[in-house]
Structures are given as structure tokens and as C-alpha cells.
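Colleague: I would like a close look at a single part of this protein. Please take one pocket, and then set it against the rest of the fold.

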Amino acid sequence: MAGFHQVAYGILIGVALTLTSSPLVTYLVCAQSKKQSRKAILPPHSLKSDQILDGVTGLIGNTPLVRINSLSNALGVEILGKAEFLNPGGSVKDRVALRMVEDAERQGLLHPHTGSRIFEGTVGSTGISLATIARARGYDATIIMPDDVAEDKVKALECLGAEVKRVRPASIVDKKQVGNMARQAAIDFGCKGIPENSEKQHVTHEIQTGTPSMVVTATLLHAHPTGTVDDLQNEESTTKPRGFFADQFENRSNFYAHYEGTGPEIWRQTNGKVDAFVSGAGTGGTIAGAGQYIKSMNKNVVVALADPEGSGLFNKVKYGVIYDHKEAEGTKRRHQVDTVVEGIGLNRMTNNIDLALPIIDDAFRVTDVEAVAMSRYLVQNDGLFLGSSSACNLVACVKLVRKLGWKGGQTIVTILCDSGNRHYSKVCELLFCIMKVSEVYSRNDGYLRNSNIAIDHAIIEKLLNS
């Protein structure tokens, strides 16, 4: 009987504990939930500092890698594009522009909010990036560019408040070439403070930069009628307006922007699993900087150049000579590079190309027809509207994979330099080609038809299945 009572008491105590503890458990769970909710919705003053970026320049870099699904699936590899079009200025050149300006500031060559002006000769993207950085850092910008670039780039520059000067395309040996004109404009900017009755040839208004290519001049409002000037590096001089010719082609800041930025980002994002890196070269900074860093981490990574028609770099890598056969035909559409592709291709050596050549393992020629076809293919199959240089890079990726016979999941990384938004006036008909609306097509295919560039809808499929 005693055992029965003990069991009964045990049951009663268990029921009582259950009834009393359930509300307690419920209360504790609700309290914890409310606590977590309060943590999730932080007031502005509770935000972590690493979630706040320092102005527009804080948005530059750390761009994501995006898998190009259509190409990757078709080839059995991983083709990843560094989405540089997501930079605030819309291209990979944001990295270069920021580094050039920051390095000049660190060296005491530029001082913000002094009325100083940045000069550059460019086909557009670097100019847009420099104009963006200039506006953010307290400088003015003058961009000199060929008159045959996409009109969309000119409008972007004007919206950013840059002074835009458009000139006929010319060879690098011509004083009217955009880079040479930008250099001279920076020099002239420094002359405007020299008194009219002084001997200009005896007045030194250029500041030593440590490199023969980059030019920095001070406006000599403190020049004396005798032709002498005060010390250009004294405290008063740093408050005077200066002219700065950035010279992206020769400036080593271009290389370091990618060696210390783009390259390490790619390595980190892929966990060091990179089999090939493919890039075009406009100045050489991207392929030199990112390529050298990746090679330093793994010497077996294949670094390949994507080179458009009319550029001599393909032959430089393959045969040791910068030359393109179209230079002998007298049929150039442009003086710099005979191609619809903007931003890459070169027919001369630069400091940055010199740094790239030792680490480039292979090169692939990409025709205008192939680049145009790839642009269309990406829109149709991936919803990616990319610029012509990005399309050129991806064509080279396909050619590299086919040449090496890769189909076992190897990783190929390339640069998606900018979006197609800057190329509407040249290649926007690609979108209309997909629609196959004859009336719209005929109204929007002017540039490509005038340039005798065919639109082959099947060319990428042929490359993928070759």
C-alpha cells in the first residue's frame, strides 16, 4: 500500500511541476525571441563601423565574382567574371583612378579643395572614373578623348561636371593624340599664373614627380616679374591650384591597384582555386597587376591575353613583335586600334605592358564578329548586358578552354570591365537582334553596318561545340 501512495504522490508532483513550468518556459522563450528581435533591428547609432563606407570611394573594389552559367555549363568548367561594372564609376578603371589620385596625394603632389585640376587622355572609362574621384575628392577634371567613342561616355562625363574635349584619333607620335594633348594641357594650366612681362622659359612651374611620364604643375600666382618663383613645396604653394596629368599608360599606380587589390580579391574569393586568368590589355595594368599576384601564389596558373582586332599585343606575345596586318592595309576605322571593341588593345609598349609580358602564357585574337556575337549571347542566355571588352574577354576564355581541352571543372577567372550601358550608341542593336524585329533592327544597326561588322547568331554556339 505504501508503494502505491509513493507512486501516486510522484504522479501528482510531476503534473504540478508540468503545469507550473510550462508558463515559465513559454515566458522564457518569448523573452529570448524579443531580445533577438531587438538585436536584429538596430537603431542608427548602434550600426557597426565596418558597415559604413567612407563616401563613394569606399564603394570601389571588393566586387563579386559571378559565374557565367551558360558558358560554364556548356564547357564543363567554371568561368567566373569579376563584376567590375558594379564599381560606382561603372568600370574596372575606378580602381586605377583612385590609386593614382591617392598616390599623388600621399606624395604631396596633389592637395584637395585647392582648385587643382586632373587631366587625362582616354577612350572614356578612365575619364569617367577620374571625373568621379575628382568630384568626390575636391578636384576639377578635364578629359580629352577621341571623337569616335560611344556618345554615352561623353554624356556621363558631362553629367559628372568634367570638361570634355573631343579630338580626331591620332597616333601616339602625333602632338594631337589624346594623351599628348592632356599632358600639354596640364603644363599650360601651370603657366596661367606667370606674369605676362616675365620670361616664361626661365620660370620652372613643373614639380618633380619621380617619373618622366606623370606631370604636375603649379599655377604660379607667386611668380615674380623677374622670372623667379618661390619654393613650389613650401606650405603656401600647397594651397595653390595644380595641374595633374595622371598618365594611366605609364603610371605604376595602375599596376599596384591590381597587384594589391584585384589580384588578392580573386585569390581570396576562389579560395586559391584558380586554373587560369584571362584579361585584355588597354594600358596593361590589369593583366600585369592581377596576373603577377596570382602567378606569385601559384606559378602554374595560366595567364592569357584577350586581344581585339587591330591590336599588336597578340603578335607581341606570340612572335615578339608589336604589329597587326591591318596596319598595312590602309583601312583603319581608328588610329589606335582597328576594332569596335573599346578600352582594350594597344600598338605600343608601356610601363605596365612591360610588367605583364613576362607572366603572359598565351594570347587569343578575338574578332569584332566574335565580340558582338558574345555580347548578344550573354544577353539572351544569362541576362547580362556587358560591354564589348567584357565580351572579348569571355570569347578568349572559351578559346582557352577549348585549346587546353579542359572539361573537368577547372576555374577560369576573367574581368567584366564594364556594362553595356556605355555602348548603346554603338552596339545597342544587339538587343534588337534578339527580338528579330526588322523595322527596329534597321533603325538601330547603323554603327555595325557602317563598319562592315556582321552579326552571326550562331558563332558562339560553334565555338562552344567545336
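Modeller: What follows starts with the pocket and moves on to the sheet, a strand pair and three single residues. Keep in mind that the model is predicted.

The part I pick is the second largest pocket. Its volume is about 180 Å³. From the early part of the chain, the lining takes I60, G61, D94, R95, L98, R99 and E102. Y256, A257, E260, G261 and E265 also line this pocket. Two helices stand out in that list. Helix 3, residues 93-106, supplies at least two lining residues, and so does helix 7, residues 252-269. Now sort the lining by class. Six residues are charged, four are nonpolar and two are polar. Gly counts as polar here.

Next, the wider setting. The protein has 17 helices and 12 strands. It runs to 466 residues, and 53% of them are buried. Take the contacts between residues at least 6 apart in sequence: 72% of these join residues at least 24 apart.

Now the sheet. Six strands make up an open sheet with mixed pairing, in the order 5-4-3-8-7-6. Its edges are strand 5 (163-167) and strand 6 (206-207), each paired on one side only. Inside that order, strand 3 (residues 117-121) runs parallel to strand 8 (residues 242-245), and three bridges join them. One of the bridge partnerships sets F119 against F245 in strand 8.

Another strand pair deserves a look. Strand 10 (residues 302-308) pairs with strand 11 in the parallel sense, over five bridges. Here A306 has F364 of strand 11 as its bridge partner. Strand 11 covers residues 362-366, and five of the five are buried, so the strand is largely enclosed by the rest of the structure. Its residues point two ways. D362, F364 and V366 face one way, while A363 and R365 face the other, and all are buried. That includes the charged side chains of D362 and R365.

A306 leads on to N393. N393 sits in helix 12, residues 388-404. Its relative accessible area is 0%, so N393 counts as buried. Which residues beyond its neighbours within four places in sequence is N393 in contact with? They are V278, S279, G280, A306, T414, I415 and C417. G280 is 113 residues away along the chain, yet the C-alpha atoms of N393 and G280 are separated by 6.2 Å.

Two serines complete the tour. S70 belongs to helix 2, residues 69-75. At a relative accessible area of 12%, S70 is under the 20% cut-off and therefore buried. Leaving aside neighbours within four places in sequence, S70 is in contact with Y377, N381 and D382. With D382 there is also a polar contact: the two side chains are joined at 2.4 Å.

S125 lies in helix 4, residues 125-137. S125 counts as buried too, because its relative accessibility is 12%. Along the chain, S125 and G89 are 36 residues apart. Their C-alpha atoms are separated by 8.3 Å.

Back to the pocket for a last check in the viewer. Start from helix 3 and helix 7, which each supply at least two residues of the lining. Then add the remaining lining residues, I60 and G61 among them.

Note on methods: Residues are numbered from 1 along each chain as its sequence is written. This is a predicted model: local features need pLDDT of at least 70, side-chain atom pairs count only at pLDDT 80 or more; totals for chains, interfaces and linings use all residues. Side-chain values use heavy atoms; hydrogens and water are left out. On a 1 Å grid over the protein atoms alone, a cavity is a set of points where a 1.4 Å probe fits but cannot get out, and a pocket is an open set with protein on both sides within 12 Å along at least five of seven lines; lining residues have an atom within 4 Å of a point. Grid points are joined across faces, edges and corners, and a volume is the space filled by probe spheres set on the points. Helices (H or I, at least four residues) and strands (E, at least two) are DSSP runs, numbered from the N terminus. Buried means under 20% relative accessible area, exposed over 50%, partly exposed in between (1.4 Å probe, protein chains only). A polar contact is a pair of N or O atoms within 3.5 Å; within protein, one must be able to donate a hydrogen and the other to accept it, and residues adjacent in sequence count only if both atoms are side-chain atoms. Contact means heavy atoms within 4.5 Å. Two strands pair if DSSP finds at least two bridges between them.
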